[in-house]
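Please read the chain alongside its model before following the paragraphs below, which go from one loop outward to the helices and then to the chain as a whole.

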Amino acid sequence: MSITQQYFLDTYRAQRLGEAPPPPPGTHDWRTARELRGYWQFRAVVAERPAHGRLRRTLGRWLHPHARSAC
């Protein structure tokens, strides 16, 4: 069963039972992504690693392996 079919089934059940309908699929996606980012940053701080810029730094090392500064 797809997400859309499940949503319509849940909406139908809620209507039959006189309850509030569920939120449409994808309503809380951005909030969930922000919460995950916060969780990853928290885990990095607890593990005593940098919490910001790790992905950009890693991608920079992969894309420009010989562009190291002498400083």
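**From a loop glycine to the whole chain**

Gly26 sits in the loop that connects H1 to H2, in a model that is predicted. With a relative accessible area of 45%, Gly26 is partly exposed, a value that falls between the 20% and 50% cut-offs used for buried and exposed residues. From Gly26 to Ala47 the sequence separation is 21 residues, and the distance between their C-alpha atoms is 32 Å.

The loop of Gly26 is one piece of a plain layout, in which the protein chain has three helices and zero strands, giving the pattern α-α-α when it is read along the sequence.

Helix H1 covers residues 3–17. H1 has 15 residues and spans 21 Å between its first and last C-alpha atoms, close to the 21 Å expected at 1.5 Å a residue. Just after H1 comes Gly18, whose phi is positive at about 75 degrees.

Within H1, which residues form a salt bridge, and how far apart are their closest N and O atoms? The pair is Arg13 and Asp10, with the closest N and O atoms 3.7 Å apart, a distance that lies within the 4 Å cut-off applied to such contacts. Both residues belong to helix H1 and are three residues apart, which is about one turn of the helix. An α-helix has 3.6 residues a turn, so residues three or four places apart point the same way. Neither partner counts as buried: Arg13 is partly exposed, with a relative accessible area of 45%, and Asp10 is partly exposed as well, with a value of 27%. The count of salt bridges by this rule comes to one. Asp10 can also be placed against a residue further along the chain, since its C-alpha atom is separated by 24 Å from that of Ala33, 23 residues away in sequence.

Helix H2, made up of residues 29–46, has 18 residues, and the distance from its first C-alpha to its last is 26 Å, close to the 26 Å expected at 1.5 Å a residue. Glu48 follows just after H2 and takes a positive phi of about 60 degrees, and this positive value occurs in a residue other than glycine. Glu48 is located in the loop between H2 and helix H3, the latter covering 54–63. Is Glu48 buried or exposed? Glu48 is exposed, because its relative accessible area is 75%, and the cut-off for that class is over 50%.

The overall dimensions can now be set beside these local features. The radius of gyration of the protein chain is 22 Å, whereas a compact globule of 71 residues would have one near 11 Å. Taken along the principal axes, the C-alpha atoms fill a box of roughly 70 × 25 × 15 Å. As for burial, 3% of the 71 residues of the protein chain count as buried. The area that the chain exposes is about 6900 Å², of which carbon and sulfur atoms supply 59%. The charges complete the picture: the protein chain carries 12 positive and 5 negative charges, and the mean positions of the two sets are 13 Å apart.

Methods. Residues numbered from 1 in each chain as written. Predicted model: local features only at pLDDT ≥ 70, side-chain atom pairs only at ≥ 80, totals over all residues. Heavy atoms only, no water. Helix = DSSP H or I, 4+ residues; strand = E, 2+ residues; numbered from the N terminus. Rg over C-alpha atoms; globule rule 2.2 N^0.38 Å. Buried < 20%, exposed > 50% of the residue type's maximum accessible area, 1.4 Å probe, protein only. Areas by Shrake-Rupley, 256 points an atom, 1.4 Å probe, with all protein chains shown as cover. Lys, Arg positive; Asp, Glu negative; His and termini not counted. Charge placed at Lys NZ, Arg CZ, Asp CG, Glu CD. Salt bridge = Lys/Arg side-chain N within 4 Å of Asp/Glu carboxyl O. Expected span 1.5 Å × (residues − 1).
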